[in-house]
Amino acid sequence: MTRRNGKIGRLVAKQQQYRQRRFKRNIPPEAEQSAPPSTVINLSSSTLSDSEHSLLSKGLNFCPTPPTASIREEREALKTLRARKDIIIKPADKGSAAVVMGRQQYIDEAMRQLNNQTNYKPLDTDPTGIQNQVPNTAIIGTFDVSSLYTNIPQDEGIAACSSALAKSSHDSPPISDIVSLMNHVLTKNNFSFMGKNFLQVHGTAMGTRMAPSMACLFMSQLEQRMLASAPCRPWVWWRYIDDIFFIWTSDGSSLTAFINHINSFHRTIKFTTEYSTKDTHFLDVKVLKTDDGLITDLLVKPPDKHQYLHSTSCHPRHCKTSIAYSQALRLRRICSKDSDFIHHSQELKKHLVSRGHSSLAVHRAIQKVKARSRESVLSKRPV
């Protein structure tokens, strides 16, 4: 028994040593020294501790490694900085420095700029909050771009990206180098299928890393010109990549003319549409028009089998325990009526329990979300 216990102890010690070696940063001794003070610009009246200054000097994207004795101070400094309410930490407009400002100093500077009535004007209400302003005769619906990624002309996609980079005052790497790389990605997209080789000569593949960004920039420029030249425009036009939600307040014949306009505006970009005076769906949201305005509910599509990550999957524990809360939070944001939220959260609990998750843990996560108002989960976090 003693020999076996000793063997187990040696195995545990070896595992601990392996973990420490695995996450040890092989950094030259000179690189472990604190970065120059210029990498942290403290404009606040608060004093940073040495460990806080050292952590910020490594950049705002720095991620401390899993806990070992050598970097425990970094993790403690991270917790301290996140808990501090007296300072705001932001990246510098230019360069890679971290700027520390006092919270009130930050607010005062923001208000100084916002009080410039040449550039800004105060509003009494949020203009995007249109739920209770929709006319009873309005038409609600969606547009979908047919096969957007493969129908973007490569030259127009590159031009849209170049224009966006030029407007953003991008200087490094040179835009010409980025254009060359984009050309390489788009014109060298060859693949094989059933023993035959193919080359995509139009558009970009959906799996390409640059595809969503290029599609968004291309559609942004296209819709600006398309809407500006339309004989009649939608009251609301909200787009997410290739899906558009719209509200039409004119008559049906003008909507038909608008649909014909957008489908004849570009040689390869075409739109399909669904609309109604009662309801529509956009992404995972069902939108219904009532006498009191718009209400939203969760849209569950038939192919959805609710295959949430199983509790026995070899994922970090926090990945599994956060599923119930994050999914309940999604329901709280989507469902404008409490009764719909309660119904869908009960369904969520049933599906998660069937995937091996603790019924009590799921219940607690749902109750935690339920205690929050919908306004609070939809609003941006305060500065």
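Visitor: What percentage of the 383 residues in the protein chain do buried residues make up?
Guide: Happy to start there, with the reminder that this is a predicted model. A residue counts as buried when its relative accessible area is under 20%. Of the 383 residues in the protein chain, the buried ones make up 31%.

Visitor: How many helices and strands does the protein chain have?
Guide: Let me add a word on contacts before the count. Among contacts between residues at least 6 apart in sequence, 63% join residues at least 24 apart. As for the elements themselves, the protein chain has 13 helices and 12 strands.

Visitor: Over which residues is the pLDDT below 50?
Guide: The protein chain averages a pLDDT of 84, and 84% of the residues score at least 70. One stretch, with four contacts in the model beyond near neighbours in sequence, has a pLDDT below 50. Where pLDDT is low, the predicted coordinates should not be read in detail. The stretch in question is residues 30-37.

Visitor: Are the rings of F143 and F258 stacked or tilted?
Guide: Eight aromatic pairs are counted in this model. For F143 and F258, the ring centres are 6.1 Å apart and the planes make an angle of 55 degrees. Planes under 30 degrees apart would count as stacked and over 60 as edge-to-face. At 55 degrees the pair is therefore tilted.

Visitor: How many residues apart in sequence are the parts that F143 and F258 tie together?
Guide: F143 belongs to strand β4 (residues 139-145), while F258 belongs to helix α9 (residues 252-265). F143 is buried at 2% relative accessibility, and F258 is buried at 0%. Because one ring sits in the strand and the other in the helix, the pair links parts whose separation in sequence, in residues, is 115.

Visitor: What kind of pair do W237 and F258 form?
Guide: W237 lies in strand β7 (residues 236-240) and F258 in helix α9, so this pair ties together parts 21 residues apart in sequence. W237 is buried, with a relative accessible area of 14%. The ring centres of W237 and F258 are 6.0 Å apart and their planes are at 80 degrees, so the pair is edge-to-face.

Visitor: Which residues form one aromatic cluster?
Guide: Two pairs we have just met share F258: one joins F143 to F258, and another joins W237 to F258. The full cluster is F143, W237, F246, W248, F258 and F271.

Visitor: Which ring does the charged end of R332 sit over?
Guide: Charges over rings appear at two places here. The charged end of K368 sits over the ring of Y325, 5.0 Å from its centre. For R332, the charged end is 4.7 Å from the centre of the ring it sits over, and that ring belongs to F341.

Visitor: Within what arc do the buried residues of α8 fall?
Guide: Helix α8 (residues 211-228) has 18 residues and reaches 26 Å from its first C-alpha to its last, close to the 26 Å expected. Its buried residues include A211, M214, A215, F218 and L222, whereas Q224 and A228 are exposed on the face turned away from the buried side. An α-helix has 3.6 residues a turn, so residues three or four places apart point the same way. Seen down the axis of α8, the buried residues line one face because they fall within an arc of 165 degrees.

Visitor: Which residues is E223 in contact with, leaving aside its neighbours within four places in sequence?
Guide: E223 is part of helix α8. With a relative accessible area of 13%, E223 counts as buried. Its contacts beyond those neighbours are W237 and R239.

Visitor: Which helices do the buried residues of α6 pack against?
Guide: Helix α6 (residues 154-167) has 14 residues, which should span 20 Å, and its end C-alpha atoms are 20 Å apart, which agrees. Its buried residues are Q154, G157, I158, A160, C161 and S162. They pack against α7 (175-187) and α8.

Visitor: Where is I241, which has a positive phi although it is not a glycine?
Guide: Most residues other than glycine have a negative phi. The phi of I241 is about 55 degrees, and I241 is buried, with a relative accessible area of 18%. Its place is in the loop between β7 and β8 (243-248).

Note on methods. Residues are numbered from 1 along each chain as its sequence is written. This is a predicted model: local features need pLDDT of at least 70, side-chain atom pairs count only at pLDDT 80 or more; totals for chains, interfaces and linings use all residues. Side-chain values use heavy atoms; hydrogens and water are left out. Rings of Phe, Tyr and Trp (its six-membered ring) pair if their centres lie within 6.5 Å; planes under 30 degrees apart count as stacked, over 60 as edge-to-face and the rest as tilted. Helices (H or I, at least four residues) and strands (E, at least two) are DSSP runs, numbered from the N terminus. Buried means under 20% relative accessible area, exposed over 50%, partly exposed in between (1.4 Å probe, protein chains only). A charge sits over a ring if NZ of Lys or CZ of Arg is within 6 Å of the ring centre and within 35 degrees of the ring normal. The expected span of a helix is 1.5 Å times one less than its number of residues. The arc is that of the directions from the helix axis to the C-beta atoms. pLDDT is the predictor's confidence in each residue, from 0 to 100. Contact means heavy atoms within 4.5 Å.
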